[in-house]
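Got the viewer open? Here's a short walk through the model, one selection at a time.

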Amino acid sequence: MKSAHIASTLLVAGMLISGSQSWAQRPAGAPQAPPTPKADSPIDLTGYWVSIVNEDWRWRMVTPPKGDYASVPLNDEGKKVADTWDVSQDGSCKAYGAGGLMRMPTRVHISWAGDNVLKIETDAGQQIRTLHFNAADLPPAGTPTLQGRSLALWEHTLPPATGMGGPDMRVHELGGDLKVVTTDLSPGWLRRNGVPYSEHAQVTEYYDRFPTPDGNEWFVVTTVVHDPTYLRGVGDFVTSSHFRREPDGSKWHPKPCKG
């Protein structure tokens, strides 16, 4: 699904490893530290964004009834767990873990918490995700949480062939996306009616930003929840969620989840 991302990332990595100095145009003989993830970002995801629910309305805008897990590839064990849900659990924080959070009708505020950590805050459920670009900075493994441990990577793509490869090419002229892999998750829900993912789940996300002809800016996050415990087949549940940029935080009103 992301073969184009992988191919372009390998190509850029090869150019960097080859020793080309054109990326930063640093003077000959002057050693320079590699750019920080903040400085190296090919797209700017910071700011306030609102979720645009243009699909799966019945599962996202309202809490579905018990037993409505259509389109989720649950195995028999997953269905058994989902069928234990009842309406008294509506609003539980289990629906706001990393496996389902970006699918919520929510606003998000994205900002840099230093040069190596990108922070995502949501008003729905009042959650905070921290995306670490350096593995050494990740919290210690072994203590599962709703948002888990997230390792981020910029995937750079090359510009069109015209002008490519000249000595004046800069990092900021490249495109790309953000890849995030999240592990160490506590059990959560893919939907607010208790459709489960387990503590063995891994969430992989790809964030892409793009403009539209009407002058708006959007990002789309493609989310792959891999769970061998409750999902059948290859164990993957794949969704794409869209967000439109807002001019400011005037509509930002966080509300906590329950327990």
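**Stop one: the strands**

Start by selecting β6 and strand β7 (residues 175-183): the two pair in the antiparallel sense, over nine bridges. Keep in mind as you go that this is a predicted model. To see one point of that pairing, pick His156, which stands opposite Gly176 in β7.

Now add strand β5 (residues 128-132). With β6 (residues 149-157), β5 pairs in the parallel sense over two bridges. Click on His132 and look across to β6, where Leu151 stands opposite. If you're stepping along any of these with side chains switched on, remember that in a regular strand the side chains alternate between the two faces of the sheet.

**Stop two: Glu55 and Arg103**

Time for charges. The structure holds eight salt bridges, and we'll visit some of them. Select Glu55 and Arg103, whose side chains meet in a salt bridge at 3.1 Å, N to O. Glu55 sits in the loop between β1 (47-52) and α2 (57-60), while Arg103 is in the loop between α3 (76-82) and β2 (107-112), so this pair ties together parts that are 48 residues apart in sequence.

Are the two partners buried or exposed? Glu55 has 33% relative accessibility, so it counts as partly exposed. Arg103 comes in at 11% relative accessibility and counts as buried, because the cut-off for buried is under 20%.

Before moving on, add Asp56 to the selection: Glu55, Asp56 and Arg103 are linked in a network of salt bridges.

**Stop three: Arg107 and Glu246**

Next, select Arg107 and Glu246. They form a salt bridge, with the closest N and O atoms 2.8 Å apart. How many residues apart in sequence are the parts that this pair ties together? Arg107 lies in strand β2 and Glu246 in strand β12 (residues 236-246), so the answer is 139. Try a surface view here as well: Glu246 is buried, with a relative accessible area of 11%.

**Stop four: Arg209 and Glu217**

Last selection: Arg209 and Glu217. Their side chains meet in a salt bridge too, at 3.0 Å, N to O. Turn the surface on again and check each partner. Glu217 is partly exposed, with a relative accessible area of 23%. Arg209 is also partly exposed, and its relative accessible area is 23%.

Note on methods:
Residues numbered from 1 in each chain as written. Predicted model: local features only at pLDDT ≥ 70, side-chain atom pairs only at ≥ 80, totals over all residues. Heavy atoms only, no water. Salt bridge = Lys/Arg side-chain N within 4 Å of Asp/Glu carboxyl O. Helix = DSSP H or I, 4+ residues; strand = E, 2+ residues; numbered from the N terminus. Buried < 20%, exposed > 50% of the residue type's maximum accessible area, 1.4 Å probe, protein only. Pairing = 2+ DSSP bridges.
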